[in-house]
Amino acid sequence: MSQSPRWIIHLPTTLTSLEGVTALAVALRDSLGHLAVVDFGETTLSEEDAQFLRTRVFCDARIDGAGRCRRRDDHDGPCATNPDDGRLQIADIGVSPATGHPDIGETVVIKRRTSRR
């Protein structure tokens, strides 16, 4: 029996730095990680005009009996299901005063997680 092909969502942003778009990918994973239909472990990033060059975001290595590693792809130390490796973890997306809608280009605030909730 053959499997149906998986589909990819290409989601362009207005962000202009790898750090900013990585923080957005982490925020999307943290917000939508409960959806089994999204495979965040396979998330890659690319520049708009160089989509054939991709940067992997998450490690996603298998962990015996525990699922997959949720740490960043370039993490130090052992793999873990806890993504808190002291790097960018939470992105607060504010509302643009001009439009009243979320405007990442103007209002992204990146915080470092200081303690486990």
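Helices here are DSSP runs of at least four residues, numbered from the N terminus, and the model they come from is a predicted one.

Helix H1 covers residues 18–32. With 15 residues at 1.5 Å a residue, H1 should span 21 Å, and its end C-alpha atoms do sit 21 Å apart, so the two figures agree. A good part of H1 is tucked away from the surface: its buried residues are Gly 20, Val 21, Thr 22, Ala 23, Leu 24, Ala 25, Val 26, Ala 27 and Arg 29.

H1 also turns up in the walls of the largest pocket, where it gives the most to the lining, with six residues. Strand E1 (44–47) and strand E2 (50–56) each put in at least two residues as well. The volume of this pocket comes to about 1,500 Å³. Its lining runs to 34 residues, and those nearest the centre are Ile 9, His 10, Leu 11, Thr 44 and Leu 45. By side-chain class, the lining of the largest pocket splits into 19 nonpolar, nine polar and six charged residues.

Next comes the second largest pocket, with a volume of about 190 Å³. Arg 29, one of the buried residues of H1, belongs to the lining of this second largest pocket. Around it are Gly 33, Val 38, Asp 39, Phe 40, Gly 41, Phe 58, Asp 60, Arg 68, Cys 69 and Arg 70, which complete the lining. Sorted by class, the lining of the second largest pocket holds four nonpolar, two polar and five charged residues.

How values were computed
Residues are numbered from 1 along each chain as its sequence is written. This is a predicted model: local features need pLDDT of at least 70, side-chain atom pairs count only at pLDDT 80 or more; totals for chains, interfaces and linings use all residues. Side-chain values use heavy atoms; hydrogens and water are left out. The expected span of a helix is 1.5 Å times one less than its number of residues. Buried means under 20% relative accessible area, exposed over 50%, partly exposed in between (1.4 Å probe, protein chains only). On a 1 Å grid over the protein atoms alone, a cavity is a set of points where a 1.4 Å probe fits but cannot get out, and a pocket is an open set with protein on both sides within 12 Å along at least five of seven lines; lining residues have an atom within 4 Å of a point. Grid points are joined across faces, edges and corners, and a volume is the space filled by probe spheres set on the points. Ala, Val, Leu, Ile, Met, Phe, Trp, Tyr, Cys and Pro count as nonpolar, Asp, Glu, Lys and Arg as charged, and the others, Gly among them, as polar.
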